[in-house]
Amino acid sequence: MQHLTKLSFVCAVAFLWLFHCPPPLAAAEIQAVSVKPTVNSPAGGLVRMADNFFIIYDPSTTMDVPYKDTGFSRIEAQKQILQKSNASLPELGWQAGLYPHWKGGLWLHGSPMAFKPYYPLRRYENIPFGEAINQLPTRPQAPPMLQTGLMKLEHMLGLPGRTEVFIFSDGKESTYPELEPPPLEQAKKLAETFEVCFTIVSSATDATGKQLLHDIGSVNSCSQVMDFDTVYNNPEHLFGKLYMDTGSSRFSNILFDFDKADIKPLYTKELDSLGRFLLDHPQTYVVLSGFTDNIGSEAYNVDLSQRRAKIIQQYLLQQHKVKQQQILLYWYGYTNPVASNNTAAGRQLNRRVTISLRSHQ
């Protein structure tokens, strides 16, 4: 009897989907305009490091808990992070969208009716995007629906260039096995199908949730997990991966030998100066961005660029006791070359970690 009840439910949902829902939106129908990869800001110095980004907001019941001694719930704190993060984000021509994990009503896989955009996918503009953030709910809307947030992305990805996806989650989900893929399975599918990188803002408190978000943040080499507390205390860190300020540093690039991720002795003086500067200026933080030449696969080079950024971070932490929150790491593989990869001299310049200085807001 129980099996028949489940079967009847699935059939009913399938009937509704077939007869009452239009076909899923294709990426070409959703996107506003195409954008070119890596655009320099007219103001000079700012370089876009992704082409599109989405924010998946979590207003679920499990996020409706007090956040430390702030007087806010975790949902409210999440909204504050987005408000403050957006305030410092320049306009560099991204396509952007803002969605909750879930909307009220029945979720039908593949149905546009399941989308509730607060900022429908279009060109990013700071003020309208901020107004959309202000409309985000701060009261719980539904059980945790991480799986549906990831399922939505399947109908929005496929845009030209790299897409960064920022997902807030406490690692909870309520997958219905007969209708929905588990979150990790869906994240792997997206990573295999699209040029997408996940940044998971984790507020998980139990081992299961932490492991799930760690696994989602490990589906490819350009994804990562950021701790909720870190982003709350430093909201300007959240969108830092979207752009690079090439004119904000008094320090030189650190170059590497082919297929290597160790620091050459000639750069220790430069890094010692950087370490002392950060200790003397606690309101400043450094963005370390790793790059490679174009020899080898994209996946391998993204991983190599991460190892290069990490070795610089380790040097600053170990040799100068710089605080962890003063160092932000990003890695981009062989994107954004500063010289031609057709010559040995050009490839040498592209095997680098750039140093950018920013101030906490």
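Here is a short walk through the empty spaces of this structure and one of its serines. What you see is a predicted model, where local features need pLDDT of at least 70, side-chain atom pairs count only at pLDDT 80 or more, and totals for chains, interfaces and linings use all residues. Residues are numbered from 1 along each chain as its sequence is written.

Let's start with the largest pocket (on a 1 Å grid over the protein atoms alone, an open set of points with protein on both sides within 12 Å along at least five of seven lines). Its volume is about 530 Å³, taken as the space filled by probe spheres set on the points, which are joined across faces, edges and corners. Of its 21 lining residues (those with an atom within 4 Å of a point), Gln224, Val225, Met226, Gln324 and Leu328 are the closest to the centre. Strand 11 (327–331) is among the elements that supply at least two lining residues, and strand 11 gives the most, with five. Strands here are DSSP runs of E, at least two residues, and helices are runs of H or I, at least four, numbered from the N terminus.

There is also one cavity of 30 Å³ or more, a cavity being a set of points where a 1.4 Å probe fits but cannot get out. The space in this largest cavity is about 40 Å³, and its lining includes His101, Trp102 and Gln141.

Finally, look at Ser203, in the loop between strand 6 (196–202) and helix 7 (207–216). Ser203 is buried, at 5% relative accessible area (buried means under 20%, with a 1.4 Å probe and protein chains only). Beyond its neighbours within four places in sequence, Ser203 is in contact with Met63, Arg74, Ser169, Asp170 and Phe228, contact meaning heavy atoms within 4.5 Å.

Technical notes
Heavy atoms only, no water. Buried < 20%, exposed > 50% of the residue type's maximum accessible area, 1.4 Å probe, protein only.
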